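Visitor: I have a model open and would like to learn how to read it. Could you take me through some features, starting from a loop?

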Amino acid sequence: MSTLPVPVTEAGRTALAALAAAPAQALVACDYDGTLAPIVDDPAAARADAGVAGALADLGAVLGRVAVVTGRPAAVAVELGGLADVPGLVVLGHYGLERWHGGELSAPDPAPGVVAARAELPGLLGGLGADGARVEDKRAAVAVHTRGAAAPQELLERLRAPLGDLAARHGLVVEPGRLVLELRPPGVDKGAALRSLVEAPPFDGRPSCVVFCGDDLGDLPAFDAVDALRAQGVPGLLVASGSDEVRALAERADLVVDGPPGVLQVLRALLP
Ligand SMILES: O=P(O)(O)OC[C@H]1O[C@H](O[C@H]2O[C@H](CO)[C@@H](O)[C@H](O)[C@H]2O)[C@H](O)[C@@H](O)[C@@H]1O
């Protein structure tokens, strides 16, 4: 078993004690990219360490619920993460729009705005001379990545306004992330997704503890949700998978670890 780094906050230490006291009523949820899987140039190649599935399975055997809450389509996270055989795992995809559990996927049809925006994207990017931009078709959303460009951050900034216009014209919102701008339907976020897990059995709104691990801007609503639960008396632990690209989570976390290997170490050490 790994050693768990000590949270820097009293709230974090309280949450760990609560988890140890009542593991069967605890919820542990993790983001996928940058948290369970390393950041790589090609989104289709972002595979989790082989130990991740085992760590989630071990935790799932003793905790109330283990979940992955991701901006990816749920089935893609399951496939890339090698998570298909993790007993009891829930994967909420597309920021909570999709739910995967026990091999069953519930996924709504893509919003018409996504279909229209996707069709316009090649012309728009071509007209802007967005060399190096990569379009990721996520079915219920469409993402434009700039990691492969000569100047990734500059290109991202240049695309922000035109992609914002495109999204607005089609009733979509722009979800910013690590060198990516995603056009997706409004009305879901990881905070609501996490709350849906808290409200469901076996917790029915009163878990003994909620742990959330994330790395990117899209994880901030889940951090907000944990803060709100704490205000209601539910202990919570916020874990940031640290990176040089995004610092906003590390500034709020109870525990900052060194990327996905550090998160895996935490998951292993959470076992009572
Ligand atoms: O909520 P997440 O599970 O963290 O998903 C967020 C986005 O992650 C992916 O993009 C990020 O990871 C890629 C692979 O490492 C990397 O190339 C890219 O630069 C990152 O932004 C994914 O491709 C997106 O669809 C997700 O929304």
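Guide: Start with P202, which sits in the loop between α6 (190-199) and β10. Keep in mind that this is a predicted model.

Visitor: What kind of peptide bond joins P201 and P202?

Guide: The general idea comes first. Most residues other than glycine have a negative phi, and most peptide bonds are trans. Here the bond between P201 and P202 is cis, with omega at about 5 degrees.

Visitor: Which phi does D204 have, and where is its place?

Guide: D204 is a residue other than glycine with a positive phi, near 50 degrees. Its place is in the loop between α6 and β10.

Visitor: Is D204 buried or exposed?

Guide: The test is a count of C-beta atoms within 10 Å: 20 or more makes a residue buried, 12 or fewer makes it exposed. D204 has 9 such neighbours, so it counts as exposed.

Visitor: What is there to read at L179?

Guide: L179 is not a glycine, yet its phi is positive, about 55 degrees. L179 belongs to the loop between β8 (173-177) and β9. With 19 other C-beta atoms within 10 Å, L179 is partly exposed.

Visitor: Now helices. How do I check the span of helix α1?

Guide: Use a rise of 1.5 Å a residue. The 12 residues of α1 (residues 10-21) should then span 16 Å, and the end C-alpha atoms are 16 Å apart, which agrees.

Visitor: Which residues of α1 are buried, and which are exposed on the other side?

Guide: The general idea is a matter of helix geometry. An α-helix has 3.6 residues a turn, so residues three or four places apart point the same way. In α1, the buried residues are G12, A15, L16, A18 and L19. Seen down the axis of α1, the buried residues fall within an arc of 160 degrees, so they line one face of the helix. E10 and A17, on the other side of α1, are exposed.

Visitor: What covers the buried residues of α1?

Guide: The cover includes the strands β1 (26-30), β10 (209-214), β11 (236-241) and β12 (255-257).

Visitor: How many residues of helix α3 are buried?

Guide: Six of the eight residues of α3 (residues 74-81) are buried, so α3 is largely enclosed by the rest of the structure. They are A74, V76, A77, V78, L80 and G81. Their cover includes α2 (50-62), β2 (65-69), β3 (90-93), β4 (98-101) and β5 (104-106). Just after α3, G82 takes a positive phi of about 65 degrees.

Visitor: I would like to look at single residues too. What does C213 touch?

Guide: C213 lies in strand β10. Its 29 C-beta neighbours inside 10 Å make it count as buried. Leaving aside neighbours within four places in sequence, C213 is in contact with C30, D31, T35, V239, S241, V263 and V266.

Visitor: And what does G60 touch?

Guide: G60 lies in helix α2 and counts as partly exposed, with 18 C-beta neighbours inside 10 Å. Not counting residues up to four places away in sequence, G60 touches V66, V86, P87, G88 and L89. Separation along the chain can also be set against separation in space: G60 and A24 are 36 residues apart in sequence and 9.3 Å apart, C-alpha to C-alpha.

Visitor: Which domains does the domain assignment give?

Guide: The domain assignment gives domain 1 (10-108 + 188-269) and domain 2 (112-184). The contact takes 14 residues from domain 1 and 14 residues from domain 2. On the side of domain 1 that touches domain 2, seven residues are nonpolar, four polar and three charged. The centres of the two domains, taken over C-alpha atoms, are separated by 26 Å.

Visitor: Where does the ligand lie with respect to the domains?

Guide: To place a ligand, look at which parts of the chain supply the residues around it. Domain 1 and domain 2 both give residues to the shell, so the ligand lies between them. Of the 24 residues around the ligand, Y32, D33, P43, T70 and G71 come nearest. The elements that give two or more residues to the shell are β7 (142-145) and β9 (180-184). By type, the shell divides into eight nonpolar, six polar and 10 charged residues.

Technical notes
Residues are numbered from 1 along each chain as its sequence is written. This is a predicted model: local features need pLDDT of at least 70, side-chain atom pairs count only at pLDDT 80 or more; totals for chains, interfaces and linings use all residues. Helices (H or I, at least four residues) and strands (E, at least two) are DSSP runs, numbered from the N terminus. The expected span of a helix is 1.5 Å times one less than its number of residues. The arc is that of the directions from the helix axis to the C-beta atoms. Two residues are in contact if their C-beta atoms, placed from the backbone, lie within 7 Å. A residue is near a molecule or strand if its C-beta atom, placed from the backbone, lies within 6 Å of it. Ala, Val, Leu, Ile, Met, Phe, Trp, Tyr, Cys and Pro count as nonpolar, Asp, Glu, Lys and Arg as charged, and the others, Gly among them, as polar. Domain bounds come from an automatic or database domain assignment.
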